[in-house]
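Morning, everyone. Please have a look at the chain on the screen, and then I'll talk you through a helix and some charged pairs.

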Amino acid sequence: LSVISQAYIDACSTSEAKYTKNTPSAKLLYANEVRKYRDAIRRYYGIVQSLPKLGRQDIDSYLSEASGIMQAPSTTAADMTIEPHLPQCYYFYSESALYELLKCAAKCSTEICQALIDEQLKEQMETFQAVIESLKISH
């Protein structure tokens with residue numbers, strides 16, 4: 001499985017793989033597939049890039065709707081009447097998800113802050129920095 005996952009990683013890479021006589025045989029085994037996958041991935045992202053941009057209101061509306069569907073189940077007996085038709089995997093634990101997103105954002109906080117400054121959103125930048133610092137997420 002690691003060979004297959006590496007093939008997908010190589011296909012998603014922005015740099016072309018250079019194959020030499022020292023290249024591991026596992027990489028050579030999937031070299032043709034990597035080229036095909038890379039072409040498919042480029043076509044896909046080309047299509048995505050050509051789609052109309054979503055406005056903030058559209059995104060907020062979608063997230064509100066999704067949030068209403070995927071709430072984490074309550075642990076109290078009185079509230080156990082949550083969406084019985086949804087399997088457990090569809091429940092959304094927003095606090096955990098937010099923390100994971102913030103961990104990713106913390107890794108590139110310098111770039112995020114600079115982009116917010118460039119967009120003249122200093123107040124949002126300060127809020128972002130305060131949230132990262134309050135959670136003690138290292139960058």
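I'll start with the ground rules, then take helix α5, then the salt bridges.

This is a predicted model: local features need pLDDT of at least 70, side-chain atom pairs need 80 or more, and totals for chains, interfaces and linings use all residues. Numbering runs from 1 along each chain as its sequence is written, and side-chain values use heavy atoms, without hydrogens or water.

Helices here are DSSP runs of H or I, at least four residues, numbered from the N terminus. Helix α5 covers residues 94–107. Its 14 residues should span 20 Å at 1.5 Å a residue, taken as 1.5 Å times one less than the number of residues. The end C-alpha atoms are 20 Å apart, which agrees.

Which residues of α5 are buried? L102, A105 and A106. Buried means under 20% relative accessible area, exposed over 50%, partly exposed in between, with a 1.4 Å probe and protein chains only. Down the axis of α5, the buried residues fall within an arc of 100°, judged by directions from the axis to the C-beta atoms, so they line one face. They pack against α6 and α7, contact being heavy atoms within 4.5 Å. On the other side, L101 and K107 are exposed.

Now, salt bridges: a Lys or Arg side-chain nitrogen within 4 Å of an Asp or Glu carboxyl oxygen. The whole structure has three. In α5, K103 meets E100 at 3.3 Å. R56 pairs with D60 at 3.8 Å, both in α4. E126 and K122 sit in α7, four residues apart, with N and O 3.8 Å apart.

Methods:
Helix = DSSP H or I, 4+ residues; strand = E, 2+ residues; numbered from the N terminus.
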